[in-house]
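Subject: The model you asked about

Hi,

Here is the structure, ready for you to open. Have a look at it first, and then read on for what turned up.

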Amino acid sequence: MDKFVYSFNEGSKDMRSLLGGKGANLAEMTKIGLPVPFGFTITTDACKDYQEKNGLDDAIVKEVYEHLEELEQVMGKKFGDVENPLLVSVRSGAPISMPGMMDTILNLGLNDDSVKGLAARTGNERFAYDSYRRFIQMFGDVVMEIPKSKFDEVFDGQKKKVGAEYDVDLNTDDLKAIIAGYKELVKKELGREFPQDPKDQLMEAIQAVFRSWNNDRAILYRKLNNISDSLGTAVNVQSMVFGNTGETSGTGVAFTRSPVNGENRIFGEFLVNAQGEDVVAGIRTPQPIDEMKEAFPEVYAKFEDIAKILENHYKDMQDMEFTVEDNKLYMLQTRNGKRTAEAAVKVAVDMVNEGKIDKETAIMRIAPDQIDQLLHPTFDSETLKKYTAVAKGLPASPGAACGEVVFSADEAAVKNDAGKKVVLVREETSPEDLAGMVAAEGILTARGGMTSHAAVVARGMGKCCVAGCSAITVYEDEKYMEIGGVKYHEGDVISINGTDGSVYAAEIPTKAPELSGDFGTIMKWADEIRTLGVRTNADNPRDAKQAVKFGAEGIGLCRTEHMFFEDERIPKIRRMILADTEEERREALAGLLPYQKQDFKELYKALAGKPVTIRLLDPPLHEFLPKNEEDMKKLSEQFNIPMEKIQAKTIELHEFNPMLGHRGCRLAVTYPEIAEMQTEAIITAALEVKQETGIDIKPEIMVPLVGIANELKNVKKTISETAEKCFEKAGERLDYMVGTMIEIPRAALIADEIAEDAEFFSFGTNDLTQMGFGFSRDDTGKIIKEYINKGVLEEDPFQVLDQHGIGKLVKYAVEGGKKTRPNIKLGICGEHGGNPKTIDFCHRIGLNYVSCSPFRVPIARLAAAQAAIRNK
Ligand code: PEP
Ligand code: MG
């Protein structure tokens, strides 16, 4: 028979997919003897069953009741009892942590009778009624879906009526009045009474959690994090402990090491006399955990012990929730803590050095995309000295952000779509702000601590975040904020520093990061393990040098067309395009040769002997022509060419499908003199650099857009004849290679034939995806977005290689190429070369290297190591 409910003493940490992360870890903590309030977990299978049947099956209800009875026995309390009532929390817990995405209900079991029982047991009537009113409000909001603001109206109304300034000024009678008001509100909104039977409350709550699996926030979070919709969530029902019984109680959230920088000491926050949700939701800004040490020295010592036990047990940094009830410590949750990239790297390296994990585990612990955080700019400390912060909040997620202020998630998205950089400013963030946080450069909140929603989510995304900045007053509806009497309106530019919490009313320049220390160690380990080479796509010495610093082992793609767009060169290439005869063309090209040669010399020097793949001119020629009258006039005057001719040529070169037109090797076949000039530049530059520096260079000349074997044969002949002439002239030879891009589907299909002339293949997966799908690279963004929304596509095939379709072409070409030329060199240079999932694929099909943009090189190194470990 199916089992849908597990007591905490029946499970373990290995049952995550069934019990959810929270449930599995509560069971594990119970198993190893830590103080966990008893309870049970309703499985993810029950959630799936609920979604299927659109209701709770009788068998599940029966099992819940059985476990409830057990819970009553263990706790010696009864549900709904007037004397000693059992109260529970109901929390969601999916197999993969989804912070802030799902809902929590505390104090379930309170009703008009049991509230008296709670008052009697605790000897604290006010506390009992305060718990009851919190429960009705939470239940009304989360389960009954009555807007929270309506409860606030009732609450604030009572405060106003009795002239209370703070919540704590309300006495028991006030709270009773509020409870009556809440109940009336429920009746008015839903036409039924607030449920008094705790069992009804429980069943409604369980279903609400299951429903929340499919709320918009949860769906969006899953989409952003590639979490399957089919996992489902578990529900944890746990007996309540109270952090809000008075000054001997409290609640906190702590990490075994700093999630910000990885420092090995307990890092967390604590609130005396408070319930857990107050901390997580950022409603009150808590004190640093050190203050707990002073207020509760013995409990703190015990907590430190437990933190150590948990970290050693899980062999990873833990994120823990706990409550102190009347000086007794209870653990409510533990999980592997989310952390910044900086912390991830430090914790991984430290744990290897402490002998807790091995190097491979350390490498697998770091998400390659997260590394991006370390590669992005921060404020330069010298530059920063010139500015004075106008406010200071908590350094919730490191990095630098600068942009226009916006006050809503929607506005953030709109401005971001329009290409603007924005900083999202909120009183406090809620899960609904997720899309806005994605769109923003950084997030600034007026309230909430280091473990508030904004902080947790920002760290996960690698976004800079300053939280709990109480010096700012936010007027979200009026779209401005005030700092020290100065108003900042939507559109004003500010800068925030997530590393120290500073806020600046200025646009501050940033600087590139250093890549040494622990990061260097991880990269060194990754290099020892990976078998896939990592090169870069670069067409200027600056990018090439940056990439080499990041560990690039060569250039996998130098797009020579980018070299022609500079001021002195563009007229010359225009002159070439406008030429009527071969002779005129050659004359214009001769003017470009010295520039081109100089480009290559600098590139070779920057790479200092590492391989350089140079691609012959690829784009349709009309891309170089003047786009407006003024430019045409200039050109006409400069070369004494009539305007009419320029206009006529522009019309002549117009193509309906330029991406399928006169470009790539088609240029070299029809105008061989272009390939000749480029070959001469490539070869003579290499000869000269060798003479000047002694560095041996073996240029790799790459022919783009080949789809017919004879195209490559034709262009290769031009290349080799030109090279021979260069060698003769120089009286010296060097080795060079000729290879091709595989970026037209037909080329993949006849790769065996092409390999007869190609010494290497480089997969141009941008064009291969474009032509394989028939999706224009430049125009289909919107369609793809909608396809993803509608589930037609899972991911953007221009970002993550479509292994299922386009991947087959790549694999087929690899096999074809190797059949003809077993030692053919194979690489990829489309954008996909920097994508971790695609890198895993490239490893599996046996490519020699990936080539990606400079800032993705470290990511690719790590992803390549992970691929090697994963596919051992
Ligand atoms: C490609 O098509 O994948 C490629 C690398 O070439 P480009 O992006 O320059 O067309
Ligand atoms: Mg291409």
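Let's start with D229, which is partly exposed, with a relative accessible area of 48%. Keep in mind throughout that this is a predicted model. The side chain of D229 meets that of R222 in a salt bridge, with 2.7 Å from N to O. R222 itself counts as buried, because its relative accessibility is 1% and the cut-off for buried is under 20%. So this salt bridge joins a buried residue, R222, to a partly exposed one, D229.

**Other salt bridges**

How many salt bridges are there? The count comes to 70. As a reminder, side chains of opposite charge can pair when their charged atoms come close.

Two more pairs are worth finding on your screen. One is E321 with R91, where the closest N and O atoms are 3.8 Å apart. This pair links distant parts of the chain, as E321 sits in strand β11 (residues 318-325) and R91 in strand β5 (residues 88-93), 230 residues apart. Buried or exposed? Both E321 and R91 are buried.

The other is E427 with R447, a salt bridge with 3.3 Å from N to O. Here, too, distant parts of the chain are linked: E427 is in the loop between β17 (422-426) and α18 (434-439), R447 is in the loop between β18 (442-445) and α19 (453-461), and the two are 20 residues apart. E427 has a relative accessibility of 26% and so counts as partly exposed. R447, at 33%, counts as partly exposed as well.

There is also a network of salt bridges that links E561, R615, D618, R663, D767 and R777. Remember D767, R615 and R777 from that list, as they come up again below.

**The magnesium ion**

Ligand 2 is a magnesium ion, and its protein donors are E743 (OE) and D767 (OD), which lie 2.0 to 2.1 Å from it. E743 lies in the loop between β30 (737-742) and α29 (745-749), whereas D767 is in helix α31 (residues 765-773), so the two donors tie together parts that are 24 residues apart in sequence. Both of these donors, E743 and D767, are buried.

**Around ligand 1**

Which residues come nearest to ligand 1? Of the 14 residues around it, they are R559, R615, G764, N766 and R777. By class, the shell holds seven charged residues, four polar ones and three nonpolar ones.

Now for the polar contacts, among them these:

- R777 has a polar side-chain atom 2.8 Å from an oxygen atom of ligand 1.
- D767 has a backbone N or O atom 2.9 Å from an oxygen atom of ligand 1.
- T765 has a backbone N or O atom 3.1 Å from an oxygen atom of ligand 1.

The protein covers 96% of the 290 Å² of accessible area that ligand 1 has on its own. The elements that give two or more residues to the shell are β27 (555-559) and α31. The largest share, three residues, comes from α31.

D767 is thus a residue to click on: a donor to the magnesium ion, a backbone contact of ligand 1 and a member of the salt-bridge network. R777 likewise belongs to that network and has its side-chain contact with ligand 1.

**Two asparagines and a leucine**

If you look at backbone angles, two residues stand out. N273 has a positive phi of about 50 degrees although it is not a glycine. It lies in the loop between β9 (267-272) and α10 (276-280), and at 29% relative accessibility N273 counts as partly exposed. N327 also has a positive phi, of about 65 degrees, and is not a glycine either. You will find N327 in the loop between β11 and β12 (328-336). At 45% relative accessibility, N327 counts as partly exposed.

Lastly, L712 is in helix α28 (residues 709-730). This leucine is buried, with a relative accessible area of 0%. For a sense of the distances involved, L712 and K53 are 61 Å apart in space, C-alpha to C-alpha, and 659 residues apart in sequence.

Cheers

Terms used. Residues are numbered from 1 along each chain as its sequence is written. Chains are lettered from A and ligands numbered from 1 in the order in which they are written. This is a predicted model: local features need pLDDT of at least 70, side-chain atom pairs count only at pLDDT 80 or more; totals for chains, interfaces and linings use all residues. Side-chain values use heavy atoms; hydrogens and water are left out. Donors are N, O and S atoms within 2.8 Å of the metal (3.2 Å for Na, K and Ca); water is not among the atoms, so sites may look incomplete. Helices (H or I, at least four residues) and strands (E, at least two) are DSSP runs, numbered from the N terminus. Buried means under 20% relative accessible area, exposed over 50%, partly exposed in between (1.4 Å probe, protein chains only). A residue is near a molecule or strand if one of its heavy atoms lies within 4 Å of it. A polar contact is a pair of N or O atoms within 3.5 Å; within protein, one must be able to donate a hydrogen and the other to accept it, and residues adjacent in sequence count only if both atoms are side-chain atoms. Accessible areas come from the Shrake-Rupley method with a 1.4 Å probe; for residues, only the protein chains shown count as cover. Ala, Val, Leu, Ile, Met, Phe, Trp, Tyr, Cys and Pro count as nonpolar, Asp, Glu, Lys and Arg as charged, and the others, Gly among them, as polar. A salt bridge is a side-chain nitrogen of Lys or Arg within 4 Å of a carboxyl oxygen of Asp or Glu.
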